Amino acid sequence: MEKKLEELQQEALEKIGNTNEVDELEKLQVEFLGKNGKVTGVLRSMGNLPPEKRPVIGKFANKVKNKIEKELQTRLQELKVQQEKARLAQEAIDITLPGKKISRGRLHPMQLIINQLEDLFLRMGFAIETGPDVETDYYNFEALNIPQNHPARDMQDTFYVEGDLLLRTHTSPVQIRTMEKQAPPIRIITVGKCYRVDELDATHSPVFHQLEGLVIDHGISFSHLKGVLIAVTREIFGEERDVRFRPSYFPFTEPSAEVDVSCFKCQGEGCSLCSRTGWLEILGAGMVNPRVLEMSGIDAEKYTGFAFGMGLDRMAMYKYQIEDIRHLWDNDLRFLKQF
Ligand code: FA5
């Protein structure tokens, strides 16, 4: 039996020494020392030995078992170290290789101008309001002093959704929504999309953006409006671009004006972009019509206010010298990368 154990020990040690896989070692552990393993089998058959021989063989068998176990552990450690080294070698990073360039996205010119304007208005103490794109006839027209049969409705051809609902044609409904929920003093702006059945051309898009402003307080006058709008045009276009206020008409403001900046293409000389006028229109504005204040529950005897609505797509065009509004929405990377 001693010989058998010695042979088993030799066989096990040889196999352990030749193994290069952790899995294999585990199999050897089972083969020799497992419940039904070879060494265990020998130990089990010790019952057949004469009693005086049992302690000697038992001792020897345990020695063999411990030896095999120790070798298994030693080999396991060796293999683990080897594997770790191989893994590290494989994962080694060559820090001398040049890096991969990650190209950064950039903000769309419309977002640039929105950020710049919101920043300016926040500095001037305005708060930012929002309103829905799908509006009711009441907020888009009626409450702005544009009744059903008023000729001003022809000024804005509208996308009707169903019944009373329509896609807002301007951001002015947010004026009404704000006045209904907030008592003066009011100083807000809102930015959003507007929709009109306009033919797509170099300066018109059926979907475009406006920034609306509304200020209501005691003693607000047209000079406050002028001051704010001049600050805006200076911020966006710089000191060198000329600005003019031109009398106009909106049912919800009285008096009303439109604001133009000098044409960037011809420097005011007159060209096809500015219809030979030398001027480009950017916004409509005026003193809030007292009828509109009263309809929204504000006492027109006590309060006055001004409002304005800027075409942001046009402002982006005129700031960045883009000759066609379609470039803004074509999503051509060659164009967008310039900003
Ligand atoms: C209005 O929409 C008024 N609600 C503005 C206003 C607000 C007046 C508050 C008084 C008080 P208007 O229709 O002119 O006004 O449009 C304002 C600006 O929107 C225009 O100056 C223009 O810059 C821009 N705009 C109008 N239609 C289009 C379009 N189809 N595509 C691109 N921009 C447009």
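This passage looks at the domains of the predicted model and at how its aromatic rings pair up with each other and with charged side chains.

The domain assignment splits the protein chain in two, with domain 1 covering 2-91 and domain 2 covering 109-336. Between the C-alpha centres of domain 1 and domain 2 there is a gap of 87 Å.

On to the rings. The structure has 8 aromatic pairs. One of them joins phenylalanine 264 and tyrosine 318, whose ring centres are 6.4 Å apart; their planes meet at 40°, so this pair counts as tilted. Phenylalanine 264 comes from the loop between β8 (253-262) and β9 (279-288), while tyrosine 318 belongs to helix α10 (residues 312-320), so the contact ties together parts that are 54 residues apart in sequence. Both phenylalanine 264 and tyrosine 318 are buried.

Phenylalanine 335 and phenylalanine 339 make another aromatic pair, this one edge-to-face, at 5.2 Å centre to centre with 65° between the planes. Phenylalanine 335 has 13% relative accessibility, so it counts as buried. Phenylalanine 339, at 21%, counts as partly exposed, because buried means under 20%. Elsewhere, ring pairs string Phe121, Phe126, Phe306 and Phe308 together into a cluster.

Charged side chains also turn up over rings. Arginine 177 places its charged end over the ring of tyrosine 139, 4.0 Å from the ring's centre. Phenylalanine 245 has lysine 226 lying over its face, with 5.4 Å to the ring centre.

Technical notes
Residues numbered from 1 in each chain as written. Predicted model: local features only at pLDDT ≥ 70, side-chain atom pairs only at ≥ 80, totals over all residues. Heavy atoms only, no water. Domains from an automatic or database assignment. Phe/Tyr/Trp six-rings, centres within 6.5 Å; stacked < 30°, edge-to-face > 60°. Helix = DSSP H or I, 4+ residues; strand = E, 2+ residues; numbered from the N terminus. Buried < 20%, exposed > 50% of the residue type's maximum accessible area, 1.4 Å probe, protein only. Lys NZ or Arg CZ within 6 Å of the ring centre and 35° of its normal.
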